[in-house]
Amino acid sequence: MNYLIGVDVGTSATKTVLFDENGTVVASASREYPLYQPENGWAEQKPEDWRDAVLATLKAVAEQSGVPAEEIKGIGISGQMHGLVMLDEEGEVIRPSIIWCDQRTGREVEDMLEIMPRERWIEITANPPLTGWTAAKILWVRKHEPENYQRCRHILLPKDYIRYVLTGDFATEVSDASGMQLLDVPGRCWSEEVLHALDIDESLLGTVYESCQVTGTLLKTVADQTGLTADVKVVGGAGDNAAAAVGTGIVRDGTAFTTIGTSGVVFAHSSKVSIDPKGRVHTCCCAVPGAWHIMGVTQGAGLSLKWFKDQFCQDYVEEAGTRGKDVYDLINEDAAGIAPGSDRLIYLPYLMGERTPHLDPDCRGVFFGLSAIHTKKHMLRAVMEGVSYSLCDCNEILKEMGVEVTQMMACGGGGKSPVWRQMLADLYQCTVKTVRQDEGPALGVAILAGVGCGIYPDVETACSRLISEKSSTDPVKNNAEVYADYHRLYQHLYGSLKGDFKTLAGLKG
């Protein structure tokens with residue numbers, strides 16, 4: 001039997017999973033680490049913490065499994081995207097990594113728009129300049145920490161730093177590199193035009209591979225430390241969402257997934273590059289060679305329900321404790337008892353501003369239509385519906401771009417809710433499914449490793465073999481008709497309130 005390892009370097013923890021070649025979990029280990037916020041709006045982590053977590057969890061799964069080391073053939077790495085890791089000439093970390101959610105680079109984004117028109121950025125990198133993406137972070141360090149920039153000899157993404165630790169190779173792959181704003185996304189290579197415009201030396205960047213290509217093998221010192229062999233192949237891997245797509249079987253046209261975690265994502269596979277000229281959704285290379293993905297993001301998805309639960313649902317929390325149930329199961333039970341539309345109550349889920357489709361940091365959450373008939377149950381359902389309307393906005397942009405989704409997978413914490421899945425099916429007007437396999441990114445990159453090692457012929461065949469359906473939710477015609485009317489009003493409300501959101505942002509207090 002052959003075995004494969006998937007490593008997922010997340011923001012809160014690294015999770016490492018050992019699978020057999022049939023996709024069965026054999027052993028799993030995780031290790032947490034801190035996030036640092038030296039100033040308001042800043043977010044940093046120490047790459048050394050990721051390194052220590054990966055090495056410790058690799059050793060743990062090797063020891064737990066009892067699998068002969070020579071039968072573990074490959075490792076795939078997934079990770080949080082956009083983070084900036086800078087190494088000096090000796091390969092040592094220069095400064096903490098500025099990670100994906102850091103917002104310090106507003107001025108640098110303005111600089112990028114002065115250097116090159118927004119339209120040209122979208123044509124080359126498939127996205128407008130964004131504060132969270134890597135290019136703006138590089139410019140920030142060059143401007144504010146010139147001594148660190150002068151020392152820099154290698155620029156890597158988080159998972160690609162782990163690749164360097166494991167193999168000694170400086171490399172990346174197309175899906176993660178798409179989020180740096182330095183890649184020619186249609187051409188799947190570094191953009192000479194962008195690098196010249198930003199005055200960034202290409203020698204600082206790693207070689208770009210496809211996600212299932214082998215980029216190196218384990219260093220002997222790492223193999224000895226983890227209990228693996230130096231013959232283990234390390235493949236390109238993928239950014240977290242691209243890896244999750246493989247891990248849920250979203251590898252063919254017409255397939256997509258919706259994740260409802262803290263934020264929400266609608267992610268669609270496309271065999272053709274398709275770029276939104278308005279920059280409302282992100283287009284990136286996906287982990288399937290020669291294909292791309294389009295992704296819309298709702299900032300306050302599961303966050304909205306958690307916020308409402310934490311602030312106003314202590315009674316649910318207490319009841320859940322008494323009955324030995326999950327508090328979200330109780331919330332789902334009560335939300336299911338309210339009819340679609342929540343008796344004319346609409347929630348706008350803009351607690352953290354919004355990305356798709358508005359790209360507006362100033363918009364804020366709203367309950368619209370409150371009356372004396374409304375109860376906490378109505379408000380809970382309205383929150384779930386508001387998040388669903390926002391995710392439907394993402395899906396409608398995909399349709400506008402010619403990406404027709406016939407099958408949607410639901411994942412993340414919210415994807416476990418049958419109530420939420422029904423809302424999505426009704427709004428998307430397509431079947432919403434779940435899969436039995438729940439390892440997501442770790443399984444996705446293990447599959448990529450299997451392709452790189454020759455265990456599977458290609459990504460699509462591997463997914464067909466390893467990933468199976470768990471549940472299926474079809475749209476209900478009457479619900480879909482109700483939601484179509486409410487969604488139109490939901491969309492109108494943002495336009496009506498847009499100016500007021502700006503005014504509110506400028507008020508004191």
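**Entry 1: α10 against α17**

I looked up which residues of α10 touch α17 in this predicted model. On the α10 side I found D240, A243, A244, V246 and G247. On the α17 side I listed P441, L443, G444, V445, I447 and L448. I then sorted the contact by class and got eight nonpolar, two polar and one charged residues.

Next I noted where the two helices run. Helix α10 spans residues 240-247, and helix α17 spans residues 441-452. Their axes come within 7 Å and cross at roughly 80 degrees. Angles of 65 to 115 degrees count as roughly perpendicular, so I wrote down α10 and α17 as roughly perpendicular to each other.

**Entry 2: α11 against α13**

I repeated the lookup for helix α11 (residues 302-312) and helix α13 (residues 327-336). At what angle do the axes of α11 and α13 cross? I read roughly 100 degrees, with the axes coming within 12 Å. I therefore entered α11 and α13 as roughly perpendicular to each other.

L305, K306 and K309 make the contact from α11. From α13 the partners are V327, Y328 and I331. By class I have four nonpolar, no polar and two charged residues for this contact.

**Entry 3: the annotated domain**

I checked the UniProt record, an unreviewed entry. Its annotation "domain: Carbohydrate kinase FGGY N-terminal" covers residues 3-247. I looked at the two ends of that span and found their C-alpha atoms 16 Å apart. Residues 3-247 are 37% helix and 24% strand.

**Entry 4: the second largest pocket**

I looked up the second largest pocket and noted about 190 Å³ of space in it. Which residues of its lining are closest to the centre? They are T248, G249, R252, Q407 and M409, out of 13 lining residues. Two elements give two or more residues to the lining, namely β22 (407-411) and α18 (459-466). I sorted the lining of this pocket into five nonpolar, six polar and two charged residues.

**Entry 5: two backbone details**

I looked at the peptide bond from T356 to P357 and recorded it as cis, with omega near 0 degrees. P357 sits in the loop that runs between β20 (346-348) and β21 (366-368).

I then turned to H82. Is the phi of H82 positive or negative? I noted a positive value, near 75 degrees, in a residue other than glycine. H82 belongs to the loop between β5 (72-79) and β6 (85-87).

How values were computed. Residues are numbered from 1 along each chain as its sequence is written. This is a predicted model: local features need pLDDT of at least 70, side-chain atom pairs count only at pLDDT 80 or more; totals for chains, interfaces and linings use all residues. Side-chain values use heavy atoms; hydrogens and water are left out. UniProt positions are given in the numbering used here, feature names are shortened, and annotations may be inferred rather than shown by experiment. Helices (H or I, at least four residues) and strands (E, at least two) are DSSP runs, numbered from the N terminus. On a 1 Å grid over the protein atoms alone, a cavity is a set of points where a 1.4 Å probe fits but cannot get out, and a pocket is an open set with protein on both sides within 12 Å along at least five of seven lines; lining residues have an atom within 4 Å of a point. Grid points are joined across faces, edges and corners, and a volume is the space filled by probe spheres set on the points. Ala, Val, Leu, Ile, Met, Phe, Trp, Tyr, Cys and Pro count as nonpolar, Asp, Glu, Lys and Arg as charged, and the others, Gly among them, as polar. Axes are lines fitted to C-alpha atoms, for helices over the stretch in contact, and angles run from 0 to 180 degrees between N-to-C directions. Angles under 35 degrees count as roughly parallel, over 145 as roughly antiparallel, 65 to 115 as roughly perpendicular and the rest as oblique. Contact means heavy atoms within 4.5 Å.
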